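Got a minute to look at a strand and its neighbours? Have the viewer open while you read.

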Amino acid sequence: MQGRPPPLARFGTLAICVLAFLLAPGNAQAQAPDWDTTELANGVFIFRYGGYNTAFVVTEDGVVAFDPITPDAARLLAQEIRRSAPALPLLAIVYSHHHADHASGASVLRAIFGGRVPIIAHENALGPLIEAASPVLPAPDLTFSRRLTLRAGGRSIELLYLGPSHTTSMIVALVPDAKLAFAVDFVGNDRVGYRDLGSHIFPDFFSALEALDALDFDTIAFGHGPPGDHDSIRRQIRYYEDLRAAVEQAVAEGWTQDEAAERIRLAEYADWTGYEEWFTLNVRGMHRWLSRGR
Ligand SMILES: [Zn+2]
């Protein structure tokens, strides 16, 4: 992280998603993350904080905010919500999943907006967050298993569980009237998976990508990187299928994980975000899964 990092050390394995790309050469100097807010669709805003994105949806009755990211990011997010929706209350905070590097800061939003703004998450986020007992990452007040529809000010927001993907607590948000979706960490726009895919759950992950592609949206924003569309999702599906096929062949030929990481390259994806740093680690993660039980 640039600037002041969140208190990740306390959460151990909870804090295992995307961080390292912020520490790439050129970004190593401590500095406050740059940030901006974009209205990606009518009343649906994407707040970018360094390499992280979150979203908030403005309705006539109030605002629904997603991942606060960090306490510092949450202060800026609150400012941007106020600027975009003056005098409207914050109706709810929704965690995409339980990882601390996306979900921290809800207590800051609550303090700024006043009252006990309800926090919503998938039911599988509840246990890890109660266990973590973090003052900046409060456990959800409301959980669901498959689908929850939030209705406010004439709009609806669908929260959908597509099965295990990146953790078992990952949900996707869909704003039907804007034909816009928001998905975090298990998918992105022309980017490889994070490091050795340690939080990816196979084979369910593949089903979640297909289920995401089946949703009715025109635009999809991601937890990292620029937004995309259905073609972005199909390219992700193809990448993971190609990775799986290459590693399956390697495993069938008896290559060790080291040999697979050394030899396998997918040149078609060489210009993707993260390829240089993480592709060989992606190979290792896929090899670990495919060689399980051998
Ligand atoms: Zn994560």
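What follows is a quick tour of one strand, its partners and the chain around it.

This is a predicted model, where local features need pLDDT of at least 70, side-chain atom pairs count only at pLDDT 80 or more, and totals for chains, interfaces and linings use all residues. Residues are numbered from 1 along each chain as its sequence is written, and side-chain values use heavy atoms, with hydrogens and water left out.

First, the whole chain. Its secondary structure comes to eight helices and 12 strands; these are DSSP runs numbered from the N terminus, helices being H or I with at least four residues and strands E with at least two. Of the 294 residues, 56% are buried (under 20% relative accessible area, 1.4 Å probe, protein chains only).

Now zoom in on β11, residues 180-183. L180 and F182 point one way and A181 and A183 the other, yet all are buried. In a regular strand the side chains alternate between the two faces of the sheet.

β11 pairs with two strands, pairing here needing at least two DSSP bridges:

| Partner of β11 | Bridges | Direction | Facing residues |
|---|---|---|---|
| β10 (residues 171-175) | three | antiparallel | L174 and A181 |
| β12 (residues 219-222) | four | parallel | A221 and F182 |

On the β10 side the link is a hairpin with four residues between the strands, and K179 in the turn has a positive phi of about 50°. On the other side, β11, helix α5 (residues 204-213) and β12 make a right-handed β-α-β unit: with the strands pointing away from the viewer, the path from the first strand over the helix to the second runs clockwise.

Notes: Buried means under 20% relative accessible area, exposed over 50%, partly exposed in between (1.4 Å probe, protein chains only).
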